[in-house]
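Welcome! Let us get to know this structure through a few questions about how its features earn their names.

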Amino acid sequence: MTAPEEKNMDELVALCKRRGFVYPASEIYGGLRGFWDYGPLGTALKNNIRDWWWKCMVECPPIGPDGEPVSIVGLDSAIIQNPKTWQHSGHVGGFNDPMVDCTESKKRYRADHVMVYKPIVPAPPMFAFLEGDPKPAEKNAKKQKIDLANYEIVSLLELAHEQYERIIGPDATKPGTLTEPRAFNLMLDTYPGPIRGEENKAYLRPETAQGIFLNFKNVLDTMRVKVPFGIAQIGKSFRNEVTPRNFIFRSREFEQMEMEFFCPPDESQKWYEFWRDERYKWWLTLGVDEKNLILRDHGDDELAHYSSACVDVEYKYPFTAPGYGELEGVAHRGCYDLTAHSKDKQNNKDSNTRLDYFDQELQVRLQNEGVDKDEIKARSRYVPHVIEPASGLTRAVLVLLCEAFTPTPDRQGSKYILSFKPKFAPVKAGIFPLVNKDGMPEVAMKLYNQLRTKHVVEYDAKAAIGKRYARMDEIGTPFCFTIDGDTLTDQTVTVRDRDTLAQERVHLDKVEAFLDAKLAE
Ligand code: GAP
């Protein structure tokens, strides 16, 4: 297995373009920064991950910490909601990242992503760089004949105002060009309706989560659910990211897979730990190596405005290695959101609904325990607490591409392979007649027609067999079935394994079962 440090992102991005996974959006007009189009194979890969998440979260959720099956229902809410949603959720006004501008390079950076080489014994200058990319700073220091051995790396946010004049920005040549961090709103706005003005300004959602909170009461009243239960949603989100970068890692339009799990307040810690562990295990089912995956608790200074605890599932991307970058956050949102959107004379005069829950089972339990009437009343109605596993679907695509991307310099034909776990590969098998004559195409086509009703398989009779294998390797097809001269006499075909190159012979009648078994793993 190739280590993330040895994988070259430029080569992966080129392969994704060349083989129809991801294209720059509106490329023929010069592209648009932060936007990407998913080609036929990228779409297939994304859908495979999406469907697996939906299956594991909604259709067949795990068994909960008490041995009972967890109850989760699905939702597909609108991307544009009443703008009051974002005022009460805290996104208007609160959904800001601190940004710094460079007056020399005219670039803008997220302040919390800028790191600085700071001398241990104070002396000018300091050298700033973007997290994970210290090379420009090291080059600057070398030019000035400064030995960075006497420097420590600190976050830009740790430095005082008067120190800014000594910092050389990540893309600057002289010190003192970085501005103080300023807040920057990340929501993209739009103006539904015929009139374009402040009064009808609305927002493209920056997270799918709020649509779930707005529908809490609807789901409770129309479905046979009771707390604890979850509502899951997959869909597009939009953020006016100031520094979209690292291919599809941080883009301005992306897809999220989020689940809000509503539970009694005094059970929230149990559910937080449960979802933290479940979600980490889920990423392993995608074929991600445990060595490249960690759980990292947020420090108090990192927590979003809504969350009282958060743990990230992080992956060792080639561009963060040997460090890790975020893939999913599991947040304890407490009762922040339901309270914020709840009808309330003092805090929310806009909402017409109280978003709380009457826990009948708890009421009966307390009655049986002989608890005082007033206490039962007070305790049986509450605002549920929320545990939220929130991940990026498009970021998951990147993780599977990075994980699968394997340079194969010694292999004939393909310089790279994508070693996806078979279940997630866009194409599951290639079916080839060895030569396009002598009755082989007919047998191959019959097999193709049999398999295509169940699985995504491709028939290819063109070009030399080595070229056909190479293409399948590069798009990550785990198996190729080749019909050759022997097939016509003994009814067996060659199965070639993408990763090991091992070849075995399987009877034509057993090919479907062979593939079914491999894809079920
Ligand atoms: N509802 C909580 C929430 O949205 P988040 O950590 O901001 O939390 C959740 O986002 C996940 O969405 C992230 O872990 C990441 O995978 C994905 N994500 C966030 N911003 C993204 C962006 N600009 N581009 C691609 N994926 C993004």
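Two strands pair if DSSP finds at least two bridges between them. Keep that in mind for the predicted model shown here.

Q: Why are β6 and β7 called paired strands?
A: Pairing takes at least two bridges. Strand β6 (residues 114-119) and strand β7 (residues 126-130) have four bridges, in the antiparallel sense, so they count as a pair. Within this pair, Val-114 stands opposite Leu-130 in β7.

Q: What makes β8 and β9 edge strands?
A: The sheet is open and has four strands, in the order β8-β6-β7-β9, with mixed pairing. Strands β8 (151-155) and β9 (167-168) each pair on one side only, and that makes them the edges.

Q: How do you know that helix α5 packs on this sheet, and which strands does helix α5 touch?
A: Contact means heavy atoms within 4.5 Å. Helix α5 (residues 135-143) touches β6, β7 and β9. The direction of α5 makes about 155° with that of β7, on a scale that runs from 0 to 180 degrees.

Q: What makes β4 and β5 a pair?
A: Strand β4 (residues 96-101) and β5 share three bridges in the antiparallel sense. At least two are needed, so the two strands pair. Here Met-99 stands opposite Arg-110 in β5.

Q: Which sheet do β4 and β5 belong to, and where are the edges of that sheet?
A: They are part of an open sheet of three strands in the order β5-β4-β10, and the pairing is antiparallel. The edges are β5 (108-110) and β10 (182-185), each pairing on one side only. From one strand to the next, the twist averages 50°.

Q: How do you know that Arg-239, Ser-251 and Gly-392 make polar contacts with the ligand?
A: A polar contact is a pair of N or O atoms within 3.5 Å. An N or O atom in the side chain of Arg-239 is 2.8 Å from an oxygen atom of the ligand. A polar backbone atom of Ser-251 is 2.8 Å from a nitrogen atom of the ligand. For Gly-392, a backbone N or O atom lies 2.9 Å from a ligand oxygen. Each distance is within the cut-off, so each pair counts as a polar contact.

Q: How much of the ligand does the protein cover?
A: On its own the ligand has 560 Å² of accessible area, and the protein covers 92% of that.

Q: Which residues and elements surround the ligand?
A: There are 20 residues around the ligand, and the closest are Glu-207, Glu-241, Ser-251, Glu-258 and Glu-326. The elements giving two or more residues to this shell are β14 (253-263), β17 (325-334) and β20 (385-392). By type, the shell divides into six nonpolar, four polar and 10 charged residues.

Q: Where are the cis peptide bonds before Pro-228 and Pro-322 found?
A: One runs from Val-227 to Pro-228, with omega near 5°; Pro-228 lies in the loop between α7 (216-222) and β13 (229-238). Another joins Ala-321 and Pro-322, with omega about 5°; Pro-322 is in the loop between β16 (309-315) and β17.

Q: What makes the phi of Lys-145 worth a look?
A: Phi is near 55°, a positive value in a residue other than glycine. Lys-145 lies in the loop between α5 and β8.

Conventions: Residues are numbered from 1 along each chain as its sequence is written. This is a predicted model: local features need pLDDT of at least 70, side-chain atom pairs count only at pLDDT 80 or more; totals for chains, interfaces and linings use all residues. Side-chain values use heavy atoms; hydrogens and water are left out. A residue is near a molecule or strand if one of its heavy atoms lies within 4 Å of it. A polar contact is a pair of N or O atoms within 3.5 Å; within protein, one must be able to donate a hydrogen and the other to accept it, and residues adjacent in sequence count only if both atoms are side-chain atoms. Accessible areas come from the Shrake-Rupley method with a 1.4 Å probe; for residues, only the protein chains shown count as cover. Ala, Val, Leu, Ile, Met, Phe, Trp, Tyr, Cys and Pro count as nonpolar, Asp, Glu, Lys and Arg as charged, and the others, Gly among them, as polar.
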